[in-house]
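Hello,

Here is the structure I promised to pass on to you. Have a look at it first, and my notes follow underneath.

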Amino acid sequence: MQHVTKFLAVTFIAMLVWLSVEGATRSQHALSINVRFISPTGQNLVINPDTQSVNLTIRCATSQLARVKELSAEPLEIEVTESDPMPLVLANKITSHPRVSRLGVTIDRLDPETVPLTVETIEAISMKIELQTPADLELTAPPTFDQEQISVTLPSGHAAQAAEFKLIAKLDATALTGVVPGVPQQREVDVSLPPAMAQWNNVNFGPRKVQVTFTVKKKEDELLLPVVPVYLYIQPQANREYDIKIEADQLVINDVKLRGPSDAIERIRSKLFKVEAALRLEPADLEQLVKSKLPELKLPPGVALESAAPSIKMTITRRDTTAPN
């Protein structure tokens, strides 16, 4: 029994000595880790680049090697602020990191030793919206949006430049389906960044859709009528009292140029609406024996003359109402 006890004691002591020697034996090991640069809590920073691969030469005991290799399992997060000197020195940042410091290892070499970073604060601004329409579409007035400005977040270095731009709301062919010219319309449209800003990194905005109210101007057309007839309008009693003579070349108006909504012009062109010049002689005109008067052109709503109609010349004489029939 004494021999067994003595054997166990010697074996135990030998194991303690072996473990002590093994722990004291430190050697170098190569390790590659990924570092992720992050903002401190409560700060919103843009860090570029935000990750970096780092090759380490670590001195540690053989018994620590398994734990050391765990460092490469997931990125090492390192906080960076705008006040950190650049390029960023990695040695102190990595050595003081809790995942590294608790191992009690020595870092003999890093590659790279420094990393050039750009660190910017994310700033919030408000941007106006501009409606883009097809080239052949004309609106009667500027469109209105359910919200005139949208919040945009971007790196502070771009904030001043962004003031030169507007967000784009595009009114495409799909949104124009069923639109009635001259009648106010409301559509939901997508909002996007202007092309220049779309090239910037870390730019966000919202909402991405807005309601826009707009009125499409009725399309106009023009038409040249070679001949427009002139019609005389007087009271029946006046016709018995006055003799009115209009020269043959005054009974029509030549080359009448009209402009107006396309649908109205088409009605005239297809002869669904007859244009005429009404020469209305009022009692005062007859009493004064006027020698000319402007006719009134009968036109569809919205259609107008491109130039003034000429006066119609005439000769008015009083009839002798006392002569026997």
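What volume does the second largest pocket have? It comes to about 170 Å³. Please keep in mind that this is a predicted model.

The second largest pocket is lined by P134, D136, L137, L176, P181, V216, K218, K219, P261, S262 and D263. Sorted by character, that lining holds 6 nonpolar residues, 1 polar residue and 4 charged ones.

Now for the largest pocket, which holds about 220 Å³ of space. Its lining includes L223, L225, P226, V227, V228 and P229, and I268, R269, K271, F273, K274 and V275 belong to it as well. Two elements each give two or more residues to this lining, namely β15 (220-233) and α8 (262-269). The largest share comes from β15, with 6 residues. By character, the lining of the largest pocket has 9 nonpolar residues, 3 charged ones and no polar ones.

Next, the packing inside the protein. In soluble globular proteins, nonpolar side chains tend to be buried together. In this model, the largest nonpolar core has 28 residues, and the members that touch the most others are V152, L167, L171 and M197. The elements that supply two or more residues to this core are β8 (118-132), β10 (149-155), α5 (156-162), β11 (167-170), β12 (185-192) and β14 (209-214). Among these, β8 gives the most, with 4 residues.

If you would like one residue to start from in that core, try V152. Leaving aside residues up to four places away in sequence, V152 touches E123, A124, I125, M127, L167, M197, V203, N204 and F205. Two of these contacts, L167 and M197, are also named above among the core members that touch the most others.

There is also a second, separate core, made of 27 residues, with L31, F37, L45 and V115 among them.

One last residue to click on is T57, in strand β3 (residues 51-61). Is T57 buried or exposed? T57 counts as buried because its relative accessibility is 13%, and the cut-off for buried is under 20%. Apart from residues up to four places away in sequence, T57 is in contact with Q28, H29, T106, I107, D108 and R109.

Happy browsing, and do write back if you have questions.

Best wishes

Terms used:
Residues numbered from 1 in each chain as written. Predicted model: local features only at pLDDT ≥ 70, side-chain atom pairs only at ≥ 80, totals over all residues. Heavy atoms only, no water. 1 Å grid on protein atoms, 1.4 Å probe; cavity = no way out; pocket = protein on both sides within 12 Å on 5 of 7 lines; lining within 4 Å. Points joined across faces, edges and corners; volume = space filled by probe spheres on them. Nonpolar A, V, L, I, M, F, W, Y, C, P; charged D, E, K, R; others polar. Core = buried A, V, L, I, M, F, W, Y, C linked by side-chain atoms within 4.5 Å. Buried < 20%, exposed > 50% of the residue type's maximum accessible area, 1.4 Å probe, protein only. Contact = heavy atoms within 4.5 Å.
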